[in-house]
Amino acid sequence: MFRIFRKSLFLKVFSLSGLVSIVLIYFLGSNLYSRISDGIIDEKIAASISEGESAIQYAEYRFIVSGISTKTDYKELVGEVVNSGNLSARDSGREVVLMQVADKELKGIPAVTASNFLLPESIPSSLRKELQGNEELRWQEGTLKYVNGEFLDGVIIGKNLTIPNVGKYEMYVLFGFDAQQRTIALIGRAIWGAGLLLICLIMLVASVVLRQVIKPVKSAAEVAEQLTSGDLLKRMEVRGEDEIARLGQAFNEMADTLEQQISRLENLSRLQQRFVSDVSHELRTPLTTIRMASDVIFSARNSFDPIISRSAELLVSQIERFEHLLADLLEVSRFDAQVAALSLDKVDLNSLVRRCADDLLLSSKDKETQLMISAPDEPVIIDGDSRRLERIMRNLLANAIDHAEGKPIHVTIAENPTEVAVGVRDYGVGLTEQQIERVFDRFWRADPSRSRERGGTGLGLAIAKEDAQLHGGEIRVWGKLGEGSNFVLTLPKVNGQRITEFPIAEAPAH
Ligand SMILES: Nc1ncnc2c1ncn2[C@@H]1O[C@H](COP(=O)(O)OP(=O)(O)OP(=O)(O)O)[C@@H](O)[C@H]1O
Ligand SMILES: [Mg+2]
């Protein structure tokens, strides 16, 4: 879920603007709503107080001017006063309650008289208490309760009055907020409806604007991806003169410069490759002549005095080294020119490895170095170029012998149905992490002085890597300083297949 948001700028900005507008509109809406509803209720309360006050004054006046004395008259007058508002509070009218201060029936007037089926419990006891000994008008918000169980929020206004010749009474006038609440609900619905509409509008505008901005950014990203994947001619579409157009222009200029630089470098490196290849080729003929001449001198070395004879030996070995270097350089330039091709055959890796090992041991100066080979008994046949595979194995084994410091070397051949691997493990000087990173670099040698003794050029592993890749294979390295190293060549058995599993892990178990 969050990944989608992380990946899409549109969704991120769109949802953020949606969220911000919802919060803002919610706060604004609720503020407006509460201000309006408070205003309406306050207005109603103010109107109710003045209406209630005049109703109470009118009742007081009627009691004073009535001049009656019989019980029935009193009861009738009280009934008239209580029901003077001819509409119930439920119909936006008012209710009246007359209560004797001490809740006593006096002269036929009941202790409590209420209009329109209103329950006298509607009068809160706190308001009654406030009225005790207080001649002022008092009011409170409360709930109007009816005999049939109906409820109504409203305001209750109360005042003490005296009925001449009878006693002290409390008169309450009650008004309901029914109509106001209906108005408030209507306004509320309107506010929230408008808010919702506003949010939708904001989101719509945001999405239109975002699309406008994101489209060029997205196309820039796509073009950048295509450029990265090597399509250097891709450019962004530039329209107008705004900031987005400037971005596109700058982007295209950058791509132009990049293309020019890359093609310049490509030309340069092609030139260099050609140079190396040409020089190597040109050197081959004179070298052959020199070699033949040196062979003649070498064969006649016994007739020279010892110093000259030693020089003849040196000459031959250095010419041999030169030939090797030249052959390696030619091979490298063939890889660079991408003209290196496999000459495929069925190769028995098992016997190939044994053959290389035997040859190397014979020619090695470290005669005491042991090579222990553990391999399947039957042949391990793969599609491969035996010349290249032999070159890889010779280099891996020669490197191991060179760096094993006389300790035995373990060579393992392992296979599964689709891959075969050869591991060359030595227990000699080993390699550090940084050295492992550079081991396949051309002309790189961990210790040039050691190689000088032996005549290594540092091209062996670079060529081995290319050879392995040509087969669809890979060479992996493990090494630890002082503990030796492990070079593992993995190849697919069938040409054209990819490696999916590694029969030997480069990190050794022990
Ligand atoms: N088994 C190993 N143990 C320790 N270091 C190694 C081992 N194999 C290779 N190296 C290091 O990697 C360097 C590069 O090896 P690479 O085979 O490319 O060149 P080289 O053996 O020096 O010369 P070349 O193989 O061209 O005659 C070596 O010089 C050596 O420092
Ligand atoms: Mg080597």
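# Exercises on charge, burial and backbone

R6 is exposed, with a relative accessible area of 63%. The model is predicted. Each exercise below is followed by its solution.

## Exercise 1: The positive patch

Find the residues that form a positive surface patch, and the helix that gives the largest share.

Step 1. List the members. R3, R6, K7 and K12 form the patch.

Step 2. Look for the main contributor. Helix α1 (residues 2-7) supplies the largest share, three residues.

Step 3. Place one member. R6 sits in helix α1. Exposed means over 50% relative accessible area, and R6 has 63%, so R6 counts as exposed.

## Exercise 2: The negative patch

Which residues form a negative surface patch, and which helix gives the most to the patch?

Step 1. Collect the residues. They are D38, D42, E43, E141 and D153.

Step 2. Find the leading element. Helix α2 (residues 9-66) gives the most, with three residues.

Step 3. Check a member in a strand. D153 belongs to strand β4 (residues 151-163). Its relative accessible area is 38%, so D153 is partly exposed.

## Exercise 3: Salt bridges across the sequence

How many salt bridges are counted, and what do the pairs E170–R128 and R391–E331 tie together?

Step 1. Take the count. There are 29 salt bridges.

Step 2. Examine E170 and R128. Their closest N and O atoms are 2.9 Å apart. E170 lies in strand β5 (residues 167-176) and R128 in helix α4 (residues 125-131), so this pair ties together parts 42 residues apart in sequence. Both E170 and R128 are buried.

Step 3. Examine R391 and E331. Their side chains form a salt bridge, at 3.2 Å from N to O. R391 is in helix α9 and E331 in helix α7, so the pair links parts that are 60 residues apart in sequence.

Step 4. Compare burial within the second pair. R391 is partly exposed, at 23% relative accessible area. E331 is buried, at 3%.

## Exercise 4: A network of charges

Describe the salt bridge of D385, then name the network joined by shared partners.

Step 1. Find the partner. D385 forms a salt bridge with R388, with 3.3 Å between the closest N and O atoms.

Step 2. Check burial. The cut-off for buried is under 20%. D385 has 3% relative accessibility, so D385 counts as buried. R388 is buried too, with a relative accessible area of 3%.

Step 3. Follow the shared partners. Salt bridges join E331, R334, D385, R387, R388, R391 and D467 into one network.

## Exercise 5: A buried charge without a salt bridge

Which side chain of opposite charge is nearest to D328, and which residues does D328 contact?

Step 1. Locate D328. It lies in helix α7.

Step 2. Look for a partner. D328 is buried yet has no salt bridge. The nearest side chain of opposite charge is R391, 5.7 Å away. A salt bridge needs a nitrogen and a carboxyl oxygen within 4 Å.

Step 3. List the contacts. Beyond its neighbours within four places in sequence, D328 is in contact with T457, L459 and I463.

## Exercise 6: Helix α12

Which residues of helix α12 are buried, and what covers them?

Step 1. Name the buried residues. In helix α12 (residues 460-470) they are L461, A462, I463, A464, D467 and A468.

Step 2. Name the cover. It includes α7 (306-336), α9 (386-403), β11 (474-480) and β12 (484-492).

Step 3. Turn to K465, also in helix α12. K465 is partly exposed, with a relative accessible area of 36%. Not counting residues up to four places away in sequence, K465 touches F440 and I475.

Step 4. Look further afield. The C-alpha atoms of K465 and E135 are separated by 110 Å, and the two residues are 330 apart along the chain.

Step 5. Look just past the helix. G472 takes a positive phi of about 80° there.

## Exercise 7: Positive phi outside glycine

Where do Q338 and F443 lie, and how exposed are they?

Step 1. Take Q338. Its phi is positive, about 55°, although Q338 is not a glycine. Q338 is in the loop between α7 and β6 (345-348). Q338 is exposed, at 72% relative accessible area.

Step 2. Take F443. This residue is not a glycine either, yet has a positive phi of about 60°. F443 is in the loop between α10 (433-438) and α11 (448-454). At 44% relative accessibility, F443 counts as partly exposed.

Terms used:
Residues numbered from 1 in each chain as written. Chains lettered and ligands numbered in written order. Predicted model: local features only at pLDDT ≥ 70, side-chain atom pairs only at ≥ 80, totals over all residues. Heavy atoms only, no water. Patch = residues over 30% accessible without salt bridge, like charges linked within 9 Å, V, L, I, M, F, W, Y side chains within 5 Å. Areas by Shrake-Rupley, 256 points an atom, 1.4 Å probe, with all protein chains shown as cover. Lys, Arg positive; Asp, Glu negative; His and termini not counted. Charge placed at Lys NZ, Arg CZ, Asp CG, Glu CD. Helix = DSSP H or I, 4+ residues; strand = E, 2+ residues; numbered from the N terminus. Buried < 20%, exposed > 50% of the residue type's maximum accessible area, 1.4 Å probe, protein only. Contact = heavy atoms within 4.5 Å.
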